[in-house]
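Colleague: I am new to this structure and would like to learn how to read some of its features. Could we go through them in turn?

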Amino acid sequence: MSKNHKRVRVLLSRMFPANGIDLLRNEGFEVTIWESERPMTQEELIEKSQSHTALFSTLSEKIDALFLERCSHLDIISQFGVGYDNIDIDRATKAGIPVGNTPDVLSGATADVGFGLMINVSRKMFYLHKSIARGEWKYFRPNANLGIELGDKTLGIYGLGRIGAEMARRCKGAYNMKIIYHNRSRNLKAEREFEARYVGFDELLELSDVISVHTSLNEETAGRFDKTAFEKMKSTAIFINTARGLIHNEKDLAWALENGIIWGAGLDVTSPEPMDPGNPLLSRENVAVLPHIGSATVETRGKMAELAAMNIIEFYRGNKVPHLVNPEVLAG
Ligand code: GLV
């Protein structure tokens, strides 16, 4: 597998944290960085990739059939992130291209955002912060600005994996919340650690005071939180999504909030991204929206840069790629 016989040229689709770039350079690789804030168009990405052997990508690069057909010469793609729904993994595998990612290191930071959104929505914090700027803080009003409390409530996790477990840890520790979850398969470790209870999807909807989405985006999860799902939730429920915007239907969510079908929503992911600044969700009292910042801390982004770089470095050293999404690619 060693590719040491040829010059390694890595295309970085963004200006990533310096530690990752330094690792690549110290390994003797040639590095090209797309320095503009604007992501490359797919045409630009395809064209630039022609003169490179490896791609260091993010979720905004469209690595689909067209890209993989035109860039089948790439030795490896390493994604800066845990999610890879922007990459057609089957086709990458068919093209013989290993795809790496950066799991684990971002679980705590991402769960912090879900946890923070939950508290913010329950106490209308984003909205009230903006109301002060509008000059609306006049008197103490005993019956105004009332939120709801989280203590001893039920947290329903849709997708209890690494990030979901960190959310469960925070909610159990801070509020003694009961944890229920719905997954493709049981997470016995989480059941032991958090006394989490596996439930069917409808039960998750019906029993949860807070529903937090932590699954990957795939055919089964896309659009799963739609009108029918929101209608099954409690009218006091809070919906949190820090995973992918396409897992909820945003029009249906707006409808559910407008009609008191659910109580509030906290989103770190929207559909589309970026969210339109005129989106009425942004001016709702019980809604908090963030611009996809789950992993955005100095510490976590640094660790992600290191992991993404090491996937490429170990590959060219002829070693096992530490975080390989499609291990079947190396089987043959
Ligand atoms: C961010 O959304 C990621 O997938 O890492």
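Colleague: Is Lys 124 buried or exposed, and what is its relative accessible area?

Modeller: The general idea is a cut-off: buried means under 20% relative accessible area, exposed over 50%, and partly exposed in between, with a 1.4 Å probe and protein chains only. Lys 124 has a relative accessible area of 9%, so Lys 124 is buried. Before going on, note that this is a predicted model, where local features need pLDDT of at least 70, side-chain atom pairs count only at pLDDT 80 or more, and totals for chains, interfaces and linings use all residues. Residues are numbered from 1 along each chain as its sequence is written, and side-chain values use heavy atoms, with hydrogens and water left out.

Colleague: Where is Lys 124 found?

Modeller: Helices (H or I, at least four residues) and strands (E, at least two) are DSSP runs, numbered from the N terminus. Lys 124 lies in the loop between helix H5 (107-122) and helix H6 (125-133). Its phi is near 55 degrees, a positive value in a residue other than glycine. Asp 152 also has a positive phi, near 65 degrees, and is placed in the loop between H6 and strand E6 (154-158).

Colleague: Which residues are joined by a cis peptide bond?

Modeller: One such bond joins Ser 271 and Pro 272, with omega about 5 degrees. Another joins Glu 273 and Pro 274, with omega about -5 degrees. Pro 272 is in the loop between strand E11 (264-267) and strand E12 (287-289), and Pro 274 is in the loop between E11 and E12 as well.

Colleague: How many aromatic pairs are there?

Modeller: A pair of aromatic rings is described by the distance of the centres and the angle of the planes. Rings of Phe, Tyr and Trp (its six-membered ring) pair if their centres lie within 6.5 Å; planes under 30 degrees apart count as stacked, over 60 as edge-to-face and the rest as tilted. The count by this rule is 13 aromatic pairs. In one of them, Phe 29 and Tyr 316 have ring centres 5.5 Å apart and planes at 70 degrees, so this pair is edge-to-face. The pair links distant parts of the chain, 287 residues apart: Phe 29 is in the loop between helix H1 (18-26) and strand E2 (30-33), and Tyr 316 is in helix H12 (residues 298-317). Both residues, Phe 29 and Tyr 316, are buried. Elsewhere, ring pairs link Tyr 158, Phe 201, Phe 225, Phe 230 and Phe 239 into a cluster.

Colleague: Which ring does the charged end of Lys 227 sit over?

Modeller: A charge sits over a ring if NZ of Lys or CZ of Arg is within 6 Å of the ring centre and within 35 degrees of the ring normal. For Lys 227 the ring is that of Trp 255, with the charged end 4.5 Å from its centre. The charged end of Arg 134 sits over the ring of Tyr 127, at 5.2 Å from its centre.

Colleague: At what angle do H1 and H12 pack?

Modeller: Axes are lines fitted to C-alpha atoms, for helices over the stretch in contact, and angles run from 0 to 180 degrees between N-to-C directions. H1 and H12 pack at about 20 degrees, with their axes 7 Å apart. That makes H1 roughly parallel to H12 (angles under 35 degrees count as roughly parallel, over 145 as roughly antiparallel, 65 to 115 as roughly perpendicular and the rest as oblique).

Colleague: How are H5 and H7 set to each other, and at what angle do they cross?

Modeller: The axes of H5 and helix H7 (residues 162-175) come within 8 Å and cross at roughly 50 degrees. H5 and H7 are therefore oblique to each other.
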